[in-house]
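Reader: I'm new to this one and would like to learn how to read it. Could you walk me through it, feature by feature?

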Amino acid sequence: SERSVTFWACVPPVWRKKCAGVLFQKSAEAAVKKTSMSFKCSTKELLRAAWHSRFPRPNGGSHLRAGSPATGIVRFARLLSADTKAKNDVLFRQLFDEKSWTYTYLLADLNSKEALLIDPVLEQVERDVKLINELDLRLVYAVNTHAHADHITGSGKLKGILKGCRSVIAAASKARADKHLNPGDVFGVGCVKLEARATPGHTNGCMTYVWHDLRKAFTGDALLIRGCGRTDFQQELLYDSVHSQILSLPEDYNLYPAHDYKGLTTTTVWEELKYNPRLTKSKAEFVDIMNSLNLDYPKMIDKAVPANLVCGLDDSAASVR
């Protein structure tokens with residue numbers, strides 16, 4: 001077909017040679033099939049990659065962040081192969097707390113059965129424990145992106161129920177935890193590896209956790225879908241950290257915030273660079289926008305922050321438990 005011929009014309013000779021006999025195939029379709037088998041991904045996916053790489057997006061950007069169509073296809077094929085393996089070996093679930101509009105994320109290695117939770121909510125601990133037990137997982141880490149002001153973390157209660165679970169948070173948060181993270185640290189369970197990136201501005205201890213293998217990032221309150229967390233006199237700090245640590249990721253990375261108030265579940269780096277009404281502005285404009293919000297004092301802050309600084313286990317959390 002025209003598309004398969006287009007694809008084969010884009011593949012560098014060095015990669016053609018990796019597919020036995022491909023250079024001597026009369027049929028471009030057969031050549032594409034052999035290439036897809038070499039990369040362990042479907043012919044349809046490779047043809048789609050070829051088609052998109054030949055015809056750039058209307059805004060002038062490339063569908064594949066690569067130097068040329070040919071290298072883009074090869075890179076994309078490699079990613080497909082690795083991504084398929086990763087997806088088969090891991091579990092990813094997005095959970096929601098309706099009261100605080102908080103997303104909790106369950107990540108697990110399906111081979112080792114080890115799991116971690118990002119931003120667990122105290123009132124949802126029973127739900128989380130039930131799901132973990134049903135899936136025959138062992139919770140290794142209860143992780144927080146920061147010391148939240150709108151809900152009490154479930155980390156402490158999870159530790160009391162699930163033996164061996166350890167709490168995790170940024171060292172800069174000054175909160176109690178079994179494991180403190182610094183910028184650049186890599187942690188995780190089994191094949192699930194997360195890079196910790198400091199993204200202060202909403203709080204001094206905010207961290208974004210990047211799952212490079214699945215091209216995902218968990219942004220906490222630093223970056224929300226078409227928005228960002230409140231800054232309260234740290235506007236420039238948040239603007240700089242989000243742009244340097246989150247929006248600098250490849251454009252196809254999916255971003256998962258700690259909250260959403262409009263029924264949305266995920267976004268991408270590309271979307272936020274194009275459509276975020278605050279972070280697409282200049283730094284000066286961003287500061288003006290944040291200063292003009294006149295936000296109310298957070299309702300839960302006087303209970304949530306003291307509790308979250310001690311892993312959700314102080315007296316203010318006892319009445320909720």
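Reader: Let's begin with strand pairing: which residue in E5 does Ala142 stand opposite?

Author: Here's the general idea: strands of a sheet pair through backbone hydrogen bonds, either parallel or antiparallel. Two strands count as paired if DSSP finds at least two bridges between them, and helices (H or I, at least four residues) and strands (E, at least two) are DSSP runs, numbered from the N terminus. In this case, Ala142 faces Ser167 in E5. Strand E4 (residues 138-143) runs parallel to E5, with three bridges. To get from E4 to E5, the chain goes through helix H7 (residues 155-161), and this β-α-β crossover is right-handed (with the strands pointing away from the viewer, the path from the first strand over the helix to the second runs clockwise).

A word on the basics: this is a predicted model, where local features need pLDDT of at least 70 and side-chain atom pairs count only at pLDDT 80 or more, while totals for chains, interfaces and linings use all residues. Residues are numbered from 1 along each chain as its sequence is written, and side-chain values use heavy atoms, with hydrogens and water left out.

Reader: What else pairs with E5, and is E5 mostly covered or uncovered?

Author: Strand E6 (residues 179-181) pairs with E5 in the parallel sense over three bridges, and Ile169 stands opposite His180 there. As for cover, "buried" means under 20% relative accessible area, "exposed" over 50%, and "partly exposed" in between (1.4 Å probe, protein chains only). Strand E5 (residues 166-170) is mostly covered, with four of its five residues buried.

Reader: In what order do the six strands of the open sheet come?

Author: The order is E7-E8-E9-E10-E13-E14, with mixed pairing. Strand E7 (186-189) and strand E14 (267-268) are at the edges with a single partner strand each, so one side of each has no neighbour in the sheet. E14 pairs with strand E13 (residues 254-257) in the antiparallel sense over two bridges, and Thr267 in E14 is the bridge partner of Leu255.

Reader: How do I read a cavity, and how many of 30 Å³ or more are there?

Author: Picture a 1 Å grid over the protein atoms alone: a cavity is a set of points where a 1.4 Å probe fits but cannot get out, a pocket is an open set with protein on both sides within 12 Å along at least five of seven lines, and lining residues have an atom within 4 Å of a point. Grid points are joined across faces, edges and corners, and a volume is the space filled by probe spheres set on the points. Here there is one cavity of 30 Å³ or more, and the largest has a volume of about 70 Å³. Of its 13 lining residues, Asn144, Ile169, Arg176, Asn308 and Cys311 are the closest to the centre. E5 turns up again, giving the most to this lining with three residues.

Reader: And what is the volume of the largest pocket?

Author: About 1,200 Å³. Its lining has 41 residues, and the closest to the centre are Asp150, His202, Arg230, Tyr261 and Pro298. Strand E12 (227-228) and helix H11 (301-308) are the elements giving two or more residues to that lining.

Reader: Last one: where does Arg215 lie, and what is its phi near?

Author: Arg215 lies in the loop between strand E9 (207-211) and strand E10 (216-220). Its phi is near 55°, a positive value in a residue other than glycine. At 14% relative accessibility, Arg215 counts as buried.
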